[in-house]
Amino acid sequence: MPEPVTPVTFPPAFLWGAATSAYQIEGAVREDGRTPSIWDTFSHTPGKTAGGQTGDVAVDHYHRYRDDVALMADLGLNAYRFSVSWSRVQPTGRGPAVQVGLDFYRRLVDELLAHGIKPAVTLYHWDLPQELEDAGGWPERDTALRFAEYAQIVGEALGDRVENWITLNEPWCSAFLGYGSGVHAPGRTEPAATLRAAHHLNLAHGLGATALRSVMPARNQVAVSLNSSVVRPLSQEPADLAAARRIDDLANGVFHGPMLHGAYPESLLAATAQLTDWSYVRDGDLDTIHVPLDALGLNYYTPALVSAASERLTGPRADGHGASEHSPWPGADDVLFHQTPGERTEMGWTIDPSGLHELIMRYTREAPGLPLYITENGAAYDDKPDADGQVHDPERIAYLHGHLAAVRRAITDGADVRGYYLWSLMDNFEWAYGYDKRFGAVYVDYATLERTPKSSARWYSGAARTGVLPAVETA
Ligand code: FCB
């Protein structure tokens, strides 16, 4: 006899959201005073993105935001995480705000609230104003000070109606893919600069959180979204355990150390001593970064599996972060990344919901009492409309079911997870991969920009409306 299936039921106040980011969806890159960000420059540089694709038009959300909000409302979502384009609001990255730029976000937030959708604003999802990169970018301390000014501007404009705030999205990618492997903008490949960038991103978070709080009602929540990795050693041999520890420090500890515990891990400082003396960490910085958080955002896609190599490795590595001759892991040239076993998504990322459970439980221990949100989770598949224009994506439904069930298990195990934001609301510009990798619950026809909810959108809608995961579609 088949075992009875227990329904997976979520707490009534759980947020069922979707996430996007400005450069990936807005388009309108030259409108209303917006100036180039590092992603405009990078995507327009030959050879940097698949097929030379750019976010110039993206999915034209800047003009279609009303329809997109209506679509979310039709799906019954009660939360939406989006990011603000810094160079729309402060074209030179400093100085007074451009009101028309802010007005776009005011209209978007009002539209969301009118539909009963709770907005969550990410201030920085990788699109640094180009002028700030020209002045040195994240390896320079001044960029963190500029971020605080920008945070204050956006906080003043939207703080009365947006309760959920995220300072930075995945600072690991900004620092280590932007300045280390160079697969992300600004495309620099300077190992020592990655650690300086990481510190200044941390500082930006601390200064930004304080700036936000100085202008916003106390009820608002300030968080950060980390792509904290689940790093597993290939074996229990001491060398493999040490390799996993080194990657864990570079992926996680470098951010959660100062943010949650007020210090960089000693093991990180020791492992990177050949590259940097960390003298850019000034007195008081760690206190600034260690500002109390109201919540923590976790983005999860796939775990990492590592071992020690007997020699120094060069060339591209299979760490799932794009091909580059340059490593995004400073001081870890002797760590080997392995493909984790199991089915994979179109990104080549192994599907492993147990990693999400593990991640949530880890941060429940690292930050006891801090509410958690899954601020990104999702999968890319090669979705195509069938003859009658419908898009069936049972693989994505299975992915979402597995990961949401893992979230629910973590809640049962004592974790305080308050919401889940599916990445992504709709297909969009997947950075260096361009438009080929479709992460959306809603399909976008790039020729017409027409939006069609996939079957996963309807499945997720069922979960959002009832708080219970619907059964997965069988073929
Ligand atoms: C995350 C990014 C997001 C999207 C997903 C697939 O690292 O934050 O913008 O690209 O990966």
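# Why we call it that: a guided tour

Guide: Let's begin inside helix H14 (residues 394–412), where you'll find Ala 406. By the way, this is a predicted model, so local features need pLDDT of at least 70 and side-chain atom pairs count only at pLDDT 80 or more, while totals for chains, interfaces and linings use all residues. Numbering starts from 1 along each chain as its sequence is written, and side-chain values use heavy atoms, with hydrogens and water left out.

Visitor: What makes H14 a helix?

Guide: A helix here is a DSSP run of H or I with at least four residues, a strand is a run of E with at least two, and both are numbered from the N terminus. H14 spans residues 394–412, so that run passes the helix minimum.

Visitor: Why is Ala 406 called buried?

Guide: Buried means under 20% relative accessible area, exposed means over 50%, and partly exposed is in between (1.4 Å probe, protein chains only). Ala 406 comes in at 0%, so it's buried.

Visitor: Which residues does Ala 406 touch?

Guide: Pro 353 and His 357, leaving aside residues up to four places away in sequence. Contact means heavy atoms within 4.5 Å. Pro 353 is 53 residues from Ala 406 in sequence, yet their C-alpha atoms are 6.0 Å apart.

Visitor: Moving on to the sheets. How do you know that S4 and S5 pair?

Guide: Two strands pair if DSSP finds at least two bridges between them. S4 (residues 164–169) and S5 (residues 221–226) share 4 bridges, in the parallel sense, so they qualify. Asn 169 sits opposite Ser 225 of S5. S3 also runs parallel to S4, again with 4 bridges, and there Thr 122 has Ile 166 as its bridge partner in S4.

Visitor: Which strands close the barrel?

Guide: There are 8, in the order S1-S2-S3-S4-S5-S7-S10-S11, with parallel pairing. Neighbours are turned by 25° against each other on average, direction ignored. Those angles compare N-to-C directions of lines fitted to C-alpha atoms (for helices, over the stretch in contact), on a scale from 0 to 180 degrees. Helix H5 (residues 99–114) lies across S2 and S3, at about 170° to S2, and helix H15 (residues 455–466) lies across S1 and S11, at about 145° to S1.

Visitor: What makes S4 "mostly covered"?

Guide: 6 of its 6 residues are buried.

Visitor: And why do S6 and S9 count as edges?

Guide: They belong to an open sheet of 3 strands, ordered S6-S8-S9, with mixed pairing. S6 (231–233) and S9 (335–338) each have a single partner strand, so one side of each lacks a neighbour in the sheet. S6 joins S8 by 3 bridges in parallel, whereas S8 joins S9 by 4 bridges, antiparallel. Along S9, Val 335 and Phe 337 point to one face and are buried, while Leu 336 and His 338 point to the other and are not.

Visitor: What puts a residue on the list around the ligand?

Guide: One of its heavy atoms has to lie within 4 Å. The list includes Asn 169, Glu 170, Trp 423 and Trp 431.

Visitor: Which distance makes Asn 169 a polar contact of the ligand?

Guide: 3.0 Å, from a polar side-chain atom of Asn 169 to a ligand oxygen. A polar contact is a pair of N or O atoms within 3.5 Å (within protein, one must be able to donate a hydrogen and the other to accept it, and sequence neighbours count only if both atoms are side-chain atoms), so this one passes. Glu 170 has a side-chain N or O atom 2.5 Å from a ligand oxygen, and for Trp 431 the corresponding distance is 2.9 Å. The protein buries 94% of the 300 Å² that the ligand exposes when taken alone.

Visitor: What makes the bond from Trp 423 to Ser 424 stand out?

Guide: That bond is cis, with omega near 10°. Ser 424 is in the loop between S11 and strand S12 (442–444). The bond from Ala 185 to Pro 186 is cis too, with omega near 5°. Most peptide bonds are trans, and most residues other than glycine have a negative phi.

Visitor: What is the phi of Ala 28?

Guide: It is positive, about 50°, although Ala 28 is not a glycine. With a relative accessible area of 8%, Ala 28 is buried. Ala 58 also has a positive phi of about 50°, and at 5% it counts as buried.

Definitions and conventions: Accessible areas come from the Shrake-Rupley method with a 1.4 Å probe; for residues, only the protein chains shown count as cover.
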